Amino acid sequence: MTRKINLPPKKERHRLFGSVEPGVKLKPTEKEQMPDLQNTKKDFLFTIDAVGISNVKHPIIIHSDLLPKEQTTIATFKMTSKISYDSKGTNMSRFTEQLEQYRQNGGFVLTLSNLYDFTKELAERLKQKDASIEVTFPWFYERKGPSSELVGLNHAEASISVTYQDGVGFTSSASLTSAITTLCPCSKEISEYSAHNQRGFVTMNVEFTEGYDEKTDWKAALLEAAESNASAMIHPVLKRTDEKVVTETAYENPRFVEDMVRLVAADLYELDFVQAFTVECRNEESIHLHDAIASLSYRKED
Ligand SMILES: Nc1nc2c(ncn2[C@@H]2O[C@H](COP(=O)(O)OP(=O)(O)OP(=O)(O)O)[C@@H](O)[C@H]2O)c(=O)[nH]1
């Protein structure tokens, strides 16, 4: 039998569990009368390269060359600036204060030009000479089965970073991690039948050329670089007719991790808006407990 409970009012319940009445409060409650430790000026020995906030979850609006052309997704923000040796601390509330202003002003639309505005404005708001922002988010795109053409949503992990420096200007870079299928060339070569294959992850970091105007969607271009060089692409919906195509395509296009980073590098080399890049491939090996990895970097001549 369940026990009948004589429930006291909520305030009494809180007291029962340890809440006490407020104590005597002597410190100021007016902002103007509160000490402002952060803005203390003294010799604090070292200049700090980056101080700010990270792991801020916030909705953003993104545009894409692939369907859906516009989407709202949840991003993770990191926002920082330098502070000089003679400043005690930054004004942390101003980072999220600015983010909220962008949200209220039609939403945070993730374009390079918006990020340029945001970082410059942030530096001014913080009364610092620089500011940096890094926005990481899952980007969704439609993917059709190769035979049935049935559509589903895939996603890749995307990230974009901008730094503003007073008197210098902006630097910007982006990265994308795309999942792919790789089929082992060695396994195919030596085995009477079949070949082991696995899910691989290609991560591309690119530095944009000066003047890149986002007419080319960097996300779609990087995704194409990873997927078009893989043994096969990853699909959300596959019927039997599709599965046959994907399996045979993988067998016809065997790839080591080394092959992947070199082939993707060749595509990034051909992209006009990319000044420098790194490519990494990590295969979650299906015949091992460990992963196979490879990476390379390249900077184009100006
Ligand atoms: N600088 C600094 N602030 C911190 C840190 N951790 C938390 N904070 C918080 O940052 C908040 C204060 O933000 P500020 O922007 O300096 O607040 P404020 O001085 O009232 O705001 P302004 O009027 O814009 O100058 C407080 O809630 C602090 O507790 C830290 O490690 N460093």
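**Notebook: helix H7 and its surroundings**

I began with the pair of helices H5 and H7, which pack at an angle of about 145 degrees with their axes 8 Å apart. I noted that their crossing is right-handed, and I then listed the residues that make the contact: Leu222, Glu224, Ala225 and Ala226 on the side of H5, and Met260, Val264, Asp267 and Leu268 on the side of H7. I keep in mind throughout that this is a predicted model.

Next I looked at H7 by itself. The helix runs over residues 257–270, which makes 14 residues, and from its first C-alpha to its last it reaches 20 Å, close to the 20 Å expected at 1.5 Å a residue.

Which residues of H7 are buried? I found Val257, Met260, Val261, Val264, Ala265 and Leu268 to be so. These residues cover an arc of only 125 degrees around the axis, which puts them on the same side of H7. I set beside this the general point that an α-helix has 3.6 residues a turn, so residues three or four places apart point the same way. On the face of H7 turned away from its buried side I found the exposed residues Arg262 and Glu270.

I then asked what covers the buried residues of H7. The cover includes helix H5 (218–227) together with four strands, namely S5 (169–183), S6 (197–208), S7 (274–284) and S8 (291–299).

I followed the pairing among some of these strands. S5 and S6 run antiparallel and are joined by 11 bridges, and in this pairing leucine 183 stands opposite asparagine 197 in S6. S6 and S7 also run antiparallel, here with 10 bridges between them, and glycine 200 stands opposite asparagine 283 in S7.

My last entry concerns a single residue, leucine 115, which I located in helix H3 (residues 112–126). Is leucine 115 buried or exposed? Its relative accessibility is 0%, and because buried means under 20%, leucine 115 counts as buried. Leaving aside residues up to four places away in sequence, I listed what leucine 115 touches: Phe108, Leu110, Ile133, Val135, Ile160 and Val162. I also looked up its separation from glutamate 134, and found that leucine 115 and glutamate 134 lie 19 residues apart in sequence and 9.4 Å apart in space, taken from C-alpha to C-alpha.

Technical notes. Residues numbered from 1 in each chain as written. Predicted model: local features only at pLDDT ≥ 70, side-chain atom pairs only at ≥ 80, totals over all residues. Heavy atoms only, no water. Helix = DSSP H or I, 4+ residues; strand = E, 2+ residues; numbered from the N terminus. Expected span 1.5 Å × (residues − 1). Buried < 20%, exposed > 50% of the residue type's maximum accessible area, 1.4 Å probe, protein only. Arc of directions from axis to C-beta. Contact = heavy atoms within 4.5 Å. Pairing = 2+ DSSP bridges. Axes fitted to C-alpha atoms, helices over the stretch in contact; angles between N-to-C directions. Left-handed = near helix turned anticlockwise from the far one by under 90°.
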